[in-house]
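User: Please take a close look at one part of this protein for me. I would like a single helix and the spaces and cysteines that go with it in the same walk-through.

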Amino acid sequence: MSTFLSKPKNTILHRCQNDESTRARLKYQPWYHHIERQQGSRIWIDGRELLMMTSNDYLGLSENPKVIEAGQRALKDWGTSTTGARPANGSRTIHSRLEQKLAAFLGKEACQITAAGYLSCMAAVATFATKGDLILVDRNVHSSLWSGIMLSGARTERFAHNNPTDLREALGHEDKALPKLLILEGIYSMEGHIARLPELIKETQGHNCFTIMDDAHGFGVLGKNGEGTAAHFGMTADVDIICGSFSKSLSSTGGFIAASSALIEYLRTHSKQTIFSAAISPSQAACAEAALDILQSDPTIRTRLWDNTTYYKKILTDLGIDYWGSESPAVPIVIGETERAYRVWKKLYDLGIFTILAIAPGVPPGKDLLRTAVSARHTHEELDRVGEALAKTLKKS
Ligand code: PMP
C-alpha cells in the first residue's frame with residue numbers, strides 16, 4: 001500500500017507528465033515523424049511525398065547497391081548481432097578490417113569503432129579527461145561531447161564558439177603544466193561552421209594541451225580525399241583524437257575513434273562505453289566499409305556535393321536568407337523566434353519540404369532555426385523547389 005495519503009507532487013511521474021518541453025513537442029509535433037517509404041531524396045508521410053532536406057547522407061550512399069550488398073553479405077556471414085561486447089565476445093574480421101582502413105584513411109595509427117557516434121564521441125572525452133584536468137570546450141559542441149565531459153569530472157571552461165581570442169583568455173591564468181583538453185567539432189552540426197583549427201591550436205601551444213575533435217560532419221566532406229577537417233588544414237598530427245559517426249557520409253550506423261596506438265590501447269583498457277557495450281553489428285560495419293571504399297575511389301561524389309552546396313547557398317543568398325555563415329553542406333536557415341520558426345517549418349512541410357526545427361536550448365537563444373543539409377544526391381531542380389517554397393513561406397510568416 002502507498003505510504004502517501006494524498007497524491008504527492010514531487011514524483012518522477014508527476015515531473016514527466018508536467019514537463020513543458022514534452023508538452024510543447026506534443027503540441028507542435030514537428031519531430032518523430034512516421035516515414036512510410038523513402039526513395040533517394042524523397043520520403044512519404046501520410047501518403048504524401050516530401051523532399052528530404054534533413055538527412056546527413058551527404059554522399060547519398062544509403063541506397064547504393066554496393067553498400068546494400070555488403071550489408072546483406074555480412075548479415076549472412078555473421079548473423080544479426082555479436083550479442084556482446086568485444087572484450088568478452090570477440091571482434092569479427094569485419095570490425096578489425098574497418099578499423100585498419102579508417103586509421104589509414106585518417107592518417108592515424110589505430111582506430112576503435114562502436115555502435116554509435118554518440119558513444120564514440122562521449123567515450124573519446126570520458127576516457128581521456130579526468131578529475132584534476134582542465135577541459136576547454138567550444139560552447140556549441142554536440143551533446144555527445146558534453147555527456148563525456150560530465151562523466152569525466154574534469155574542470156570545464158567554455159569559450160565562445162570558434163573564437164581563438166576567447167580561448168586565449170580562458171587559458172590566461174592557468175598553470176601551463178596542468179593537463180588540458182581542447183574539445184571541438186570539425187564542422188559544427190547546426191551552424192555548418194568549420195573549426196578555426198590553426199588559430200585555436202596555436203593558442204594552446206605550450207599549455208600541455210590534448211586535442212579531441214568530433215568530425216562527424218567533416219568526415220567525407222572536407223579534405224583532399226574526404227579525410228575530414230584535420231586533413232583539410234594539414235593538421236592531422238596536431239589533433240590527438242578524431243572521433244565521429246558512420247551515420248553521415250558513411251551512410252550506416254556506428255562511430256569511430258582514431259588516434260595513436262598507445263591512446264587506442266588505453267581506451268580499450270579503460271573506456272566503459274567500449275568494454276560494456278555490444279559491438280557494432282557486422283552488417284552495419286560492412287555498410288560503412290563499402291561506403292568508405294566508394295568514397296575513396298570516386299571523388300566525383302564529393303564534387304557533386306560541393307557543387308550542390310554552392311548552388312543551394314546562392315539560392316538562399318538571393319532570397320536574403322540568414323544561413324549563419326555556414327561553410328559546409330550543413331546549412332541552417334535562421335529564423336530567430338520559436339513561434340515563427342515553427343510556423344515556417346510547418347508551411348514548408350505543407351509545401352512538401354521536410355526540414356528539422358531546432359530550438360533553444362539545442363541552439364543558442366534567439367537563433368531558432370530550420371536545419372537543412374545538402375546531399376550529393378539532390379538535383380538542382382530539387383534545390384530550386386526548396387528555394388521556391390522558402391520564398392513563398394518567408395514572405396507570409
Ligand atoms: N557528433 C555530432 C557532431 C553529431 O552531429 C552526431 C549526430 N547527430 C553525433 C556526434 C552522434 O552520432 P550518431 O548519430 O552516430 O550517434
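Analyst: What follows covers a helix, then a cavity, a pocket and two cysteines.

The model is predicted. Start with helix α5, residues 93-106. The helix has 14 residues. From first C-alpha to last, α5 reaches 20 Å, close to the 20 Å expected at 1.5 Å a residue.

Now its sides. Buried in α5 are Ile-94, His-95, Leu-98, Glu-99, Leu-102, Ala-103, Phe-105 and Leu-106. Looking down the axis of α5, these buried residues fall within an arc of 165 degrees, so they line one face of the helix. The face turned away from that buried side carries Gln-100 and Ala-104, and both are exposed. After α5 comes Gly-107. Its phi is positive, near 75 degrees.

Next, the enclosed space. The structure holds one cavity of 30 Å³ or more. About 90 Å³ of space lies in this largest cavity. The cavity is lined by 13 residues, and closest to its centre are Ile-113, Thr-114, Thr-274, Ser-277 and Ala-278. Three elements give two or more residues each to the lining: α4 (86-89), β4 (110-114) and α12 (272-275). The largest share, three residues, comes from β4. By class, the cavity lining has seven nonpolar, five polar and one charged residues.

Then the open space. The largest pocket holds about 910 Å³. Its lining counts 35 residues. Nearest the pocket centre lie His-142, Ser-143, Ser-189, Met-190 and Gly-362. The elements that give two or more residues to this lining are α6 (117-128), α7 (143-152) and β13 (356-358). The pocket lining divides into 16 nonpolar, 12 polar and seven charged residues.

Last, the cysteines. A disulfide is a covalent bond between the sulfur atoms of two cysteines. With a cut-off of 2.5 Å between sulfurs, the count comes to zero disulfides. Cys-111 is in no disulfide, and the nearest cysteine sulfur, that of Cys-243, is 11 Å away. Cys-111 is also buried, with a relative accessible area of 2%. What about Cys-121? Its sulfur is 3.7 Å from the closest cysteine sulfur, which belongs to Cys-243, and that is too far for a bond. Cys-121 counts as buried too, at 2% relative accessibility.

Definitions and conventions. Residues are numbered from 1 along each chain as its sequence is written. This is a predicted model: local features need pLDDT of at least 70, side-chain atom pairs count only at pLDDT 80 or more; totals for chains, interfaces and linings use all residues. Side-chain values use heavy atoms; hydrogens and water are left out. Helices (H or I, at least four residues) and strands (E, at least two) are DSSP runs, numbered from the N terminus. The expected span of a helix is 1.5 Å times one less than its number of residues. Buried means under 20% relative accessible area, exposed over 50%, partly exposed in between (1.4 Å probe, protein chains only). The arc is that of the directions from the helix axis to the C-beta atoms. On a 1 Å grid over the protein atoms alone, a cavity is a set of points where a 1.4 Å probe fits but cannot get out, and a pocket is an open set with protein on both sides within 12 Å along at least five of seven lines; lining residues have an atom within 4 Å of a point. Grid points are joined across faces, edges and corners, and a volume is the space filled by probe spheres set on the points. Ala, Val, Leu, Ile, Met, Phe, Trp, Tyr, Cys and Pro count as nonpolar, Asp, Glu, Lys and Arg as charged, and the others, Gly among them, as polar.
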